[in-house]
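Notebook open, model loaded. I'll go from the whole chain down to single residues and jot things as I look them up.

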Amino acid sequence: MKYSKSLFAISGAALLLSGCASQVVDKTPVVDTSVLKTSIRTSGPLAPDGTQTRVRYTAGNKSTEEVKTEYDSWVTSTIAGDNHTAEITRLDKNLLWQVNYNAENYAECPLSGCSSLSPLEKLKNKGEDDEEDYNPAGDDSCKVVVKKYDFTVTPKAKDREINGFIADQYVARWDLVSEDDQGNRDEHVVTMDYWMADVSNNQALKVAHDFDQKYFNKVIAPTPLARLLDQNMESSMAFFSAGKENEMKKLTSVGGEPISVKLEWYADVNTCPETEAKKDDPKFDAKDPVNSLKDMAGSFFSDQAEKGAKKWMGMEDGKPIISYIREVKAANMSGEHTSRFEVPKDFKLTDRQ
């Protein structure tokens with residue numbers, strides 16, 4: 001019995017060693033790496049309700065952003081899929097890898113990006129109904145012309161602490177009115193409240209910012225909105241920024257790194273209505289009070305039905321059709337293996353563009 005402790009110790013060490021033997025040791029060099037943790041919340045009928053957690057690693061001319069997505073709806077989650085992905089951007093190789101950890105595969109694309117559908121586009125294409133997507137510019141059968149376009153950027157506050165960062169606040173606003181050939185009007189108001197942090201106060205922010213400057217100058221210099229929003233949201237806002245490159249530069253001319261962005265898009269949509277017989281609203285008739293009240297009640301419920309449809313479409317008064325909140329929660333330097341900027345070894349290549 002006096003050897004029992006030694007035997008237990010030896011057997012425990014053997015188990016520990018056997019467990020270590022099954023693990024692959026990462027022998028790639030360790031480099032100083034910027035690590036940014038960001039959360040994105042989207043909601044509204046033009047964007048799936050859900051939350052993304054993003055962790056972005058940046059070192060020199062390499063950057064990897066891992067994304068985990070949780071949708072509020074199980075149906076949306078099933079349709080969109082791919083809820084653990086990464087985008088590895090390699091300026092040194094002039095290419096980008098889109099990695100799907102669930103499927104253990106990846107696509108290789110130019111720096112400008114992959115042409116495959118985004119989760120939002122997949123969601124639209126696989127929807128159960130056949131309704132057409134809302135397009136602020138109309139379509140071939142009903143042309144919509146812009147009658148008013150106002151865009152302003154206003155400084156609001158300086159040197160305020162947001163999520164632990166010292167930042168300056170700016171508010172951008174778009175006022176857009178369009179009209180179809182029948183005189184029906186759409187009115188859009190987009191507001192974006194964003195906070196720009198001085199990168200000189202945080203090394204991790206500066207490393208990420210310097211990488212972004214190289215990337216944007218090389219790939220997407222004409223689209224300043226891409227510096228503030230993720231790819232899906234920037235695409236959704238293309239209607240408001242197309243052909244307005246000089247005006248859009250107001251957004252990023254202030255400098256710094258966006259650490260908090262809140263965007264809301266409000267719309268009152270009346271252009272290109274469905275063809276229907278028009279009739280005058282019924283009036284109260286003292287000579288036939290019962291029937292006239294019935295007609296007026298019918299008109300009232302018809303109006304309520306229209307309001308209900310607008311509410312379902314996200315056009316209800318006071319409610320945004322898109323709400324988007326992006327916040328950098330933390331920014332720190334960390335020692336990371338260079339394998340962080342490579343596709344996992346056993347993953348399969350599914351597409352090369």
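What share of the 353 residues in the protein chain is buried? I get 36%. Note to self: this is a predicted model.

**Whole chain.** I counted eight helices and 13 strands in the protein chain. Next I looked at contacts with a separation of 6 or more: 65% of those are between residues 24 or more positions apart. For the surface, I have about 21,200 Å² exposed by the protein chain, with carbon and sulfur atoms supplying 50% of it.

**Strands β2, β3 and β4.** I started with β2 (residues 50-59) and β3 (residues 62-71), which run antiparallel and are joined by ten bridges. As a check on register, I looked up arginine 54 and found valine 67 as its bridge partner in β3. The hairpin has two residues between the strands, and glycine 60 there takes a positive phi near 60°. On to the next pairing: β3 also runs antiparallel to β4 (residues 84-90), through seven bridges. Here I noted lysine 68 opposite histidine 84 of β4.

**Cores.** Which residues have the most contacts inside the largest nonpolar core? My list reads Trp174, Met192, Tyr194, Leu229, Met237, Leu251 and Leu263, out of 27 residues in that core. I then asked which strands feed it, and β8 (142-162), β9 (165-180), β10 (185-197), β11 (257-268) and β12 (322-337) each supply at least two residues. I picked methionine 237 for a closer look. Leaving aside neighbours within four places in sequence, methionine 237 is in contact with Trp174, Val190, Leu225, Leu229, Leu263 and Trp265. Apart from the largest core lies another one of 14 residues, including Ile162, Ala167, Ala197 and Leu205.

**Disulfide.** How many disulfides does the structure hold? One. I find cysteine 142 joined to cysteine 272, S to S 1.9 Å. The angle about the S-S bond is -90°, and I logged the link as left-handed. What does the pair tie together? Cysteine 142 sits in strand β8 and cysteine 272 in the loop between β11 and α8 (289-312), so the link connects parts that are 130 residues apart in sequence.

Last lookup: are the two cysteines buried or exposed? Cysteine 142 has a relative accessible area of 11%, so I put it down as buried, the limit being under 20%. Cysteine 272 comes out at 28% relative accessibility, so I marked that one partly exposed.

Terms used. Residues numbered from 1 in each chain as written. Predicted model: local features only at pLDDT ≥ 70, side-chain atom pairs only at ≥ 80, totals over all residues. Heavy atoms only, no water. Pairing = 2+ DSSP bridges. Helix = DSSP H or I, 4+ residues; strand = E, 2+ residues; numbered from the N terminus. Buried < 20%, exposed > 50% of the residue type's maximum accessible area, 1.4 Å probe, protein only. Contact = heavy atoms within 4.5 Å. Areas by Shrake-Rupley, 256 points an atom, 1.4 Å probe, with all protein chains shown as cover. Core = buried A, V, L, I, M, F, W, Y, C linked by side-chain atoms within 4.5 Å. Disulfide = S-S within 2.5 Å.
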